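Visitor: I have a model open and some time before my next run. Can you walk me through it?

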Amino acid sequence: MNADPTIPYVLTIQCPDGLGVQAAVMGFLAGHQAFITESHSYGDPETGRFFMRCVYRAGHPNMPPLETVRDHFRTVATNFGMDWSIDDAVRRPRVLIAVSRFGHCMNDLLHRWKAGQLHIDIPAIVSNHEDMRDLAEWHGIPYHHLPVTKDTKAAQERQILELVEAHDVDLVVLARYMQVLSRELSAALSGRCINIHHSFLPSFKGARPYQQAHGRGVKLIGATAHYVTEALDEGPIIEQEVVRVDHTHTSEELVRMGRDVETVVLARAVRWHCERRVFMNDNKTVVFK
């Protein structure tokens, strides 16, 4: 059975930069009857890494099926030392949302998902509080209340990992989940856990960032979406946004404005990750928008 011409496929690559990498990829796709609809590439002179994302469809009725294309591409990948994947873009990544008591980011993600703006499935929502249960269940999504204390943290995080495995989760989104993940859980979710930080990192870390910003008379506030790592709030940044403020704004107004920015930044990061547009590049990311 040949490839379905109506299905888009996404090829992602990262490898040591060098002569002929892009030519080899494009030559391979042309030789397998692929019609490229979108292509981005970047060679980082600092890290010496090459990154590429191509979207293609079958350009001829005789294009081989996905598994055959993958099998044939392994030779090219081996020659250039590539980390790579070729995926069916129709498949919806499975996203688990974790939330605490602030529901604006979760609500925004659910709205975008319901409206078809996020091409994902949400098999479960996890929280250490009951506050967001009604909203989750209104959307028909199972809600798992997993309370946590210092003494129960390890057991509670094992339950989260069990849900990740049971639901074949591709990405965990911390939508204002106000718990610091342990080193063990951070490592287990490496590269597939996104956090929204309610500050324009690296300034004003920790609790009450908007109040800190207000006390310093800042002119910009913002939010940061980043991958979770063992180092608190220092994972590779995916997206940031700011809004201009001045002396007339109260700290309460900064909170309101900041939450609006948080929802937009997190939604962008989730979408770009799920569309395979984000690549780890040491402590940074490459994002093909």
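Guide: We can take cavities, then a strand, then salt bridges. Keep in mind that this is a predicted model.

Visitor: Fine. How many cavities of 30 Å³ or more does the structure hold?
Guide: Two. The largest has about 40 Å³ of space. The second largest has a volume of about 40 Å³.

Visitor: What lines the largest cavity?
Guide: The lining is Leu-96, Ala-98, Val-126, Ile-160, Val-172, Leu-174, Tyr-177, Leu-181, Leu-185 and Leu-189. Two elements give two or more residues each: strand S5 (94-99) and strand S8 (171-174).

Visitor: Which classes are those lining residues?
Guide: Ten are nonpolar, with no polar and no charged residues.

Visitor: And what lines the second largest cavity?
Guide: Gln-117, Leu-118, His-119, Ile-120, Arg-271, Cys-274 and Glu-275. By class, that lining has three nonpolar, two polar and two charged residues.

Visitor: Switching to strand S1. Is S1 mostly covered or mostly open?
Guide: Mostly covered. S1 spans residues 9-16, and seven of its eight residues are buried.

Visitor: Which strands pair with S1?
Guide: Strand S3 (residues 49-58) pairs with S1 in the antiparallel sense, over eight bridges. Strand S4 (residues 83-88) is also antiparallel to S1, over six bridges.

Visitor: Which residues should I click on to see that?
Guide: For S3, take Val-10 and its bridge partner Val-55. For S4, take Tyr-9, which stands opposite Asp-88.

Visitor: Salt bridges now. How many are there?
Guide: The structure holds 20. One of them joins the side chains of Arg-277 and Glu-38, at 2.8 Å from N to O. That pair links distant parts of the chain, 239 residues apart. Arg-277 is in the loop between helix H8 (251-274) and strand S12 (278-281), while Glu-38 is in strand S2 (residues 34-44).

Visitor: Is Arg-277 buried or exposed?
Guide: Arg-277 counts as buried because its relative accessible area is 11%, and the cut-off is under 20%. Glu-38 is partly exposed, at 23%.

Visitor: Got another that links distant parts?
Guide: Try Glu-241 and Arg-268, with N to O at 3.1 Å. Glu-241 is in strand S11 (residues 237-244) and Arg-268 is in helix H8, 27 residues apart. Glu-241 is partly exposed at 28%, and Arg-268 is partly exposed at 24%.

Visitor: Which residues do shared partners join into one network?
Guide: Glu-38, Arg-53, Arg-271, Glu-275 and Arg-277. You have met Arg-271 and Glu-275 already, in the lining of the second largest cavity.

How values were computed: Residues are numbered from 1 along each chain as its sequence is written. This is a predicted model: local features need pLDDT of at least 70, side-chain atom pairs count only at pLDDT 80 or more; totals for chains, interfaces and linings use all residues. Side-chain values use heavy atoms; hydrogens and water are left out. On a 1 Å grid over the protein atoms alone, a cavity is a set of points where a 1.4 Å probe fits but cannot get out, and a pocket is an open set with protein on both sides within 12 Å along at least five of seven lines; lining residues have an atom within 4 Å of a point. Grid points are joined across faces, edges and corners, and a volume is the space filled by probe spheres set on the points. Helices (H or I, at least four residues) and strands (E, at least two) are DSSP runs, numbered from the N terminus. Ala, Val, Leu, Ile, Met, Phe, Trp, Tyr, Cys and Pro count as nonpolar, Asp, Glu, Lys and Arg as charged, and the others, Gly among them, as polar. Buried means under 20% relative accessible area, exposed over 50%, partly exposed in between (1.4 Å probe, protein chains only). Two strands pair if DSSP finds at least two bridges between them. A salt bridge is a side-chain nitrogen of Lys or Arg within 4 Å of a carboxyl oxygen of Asp or Glu.
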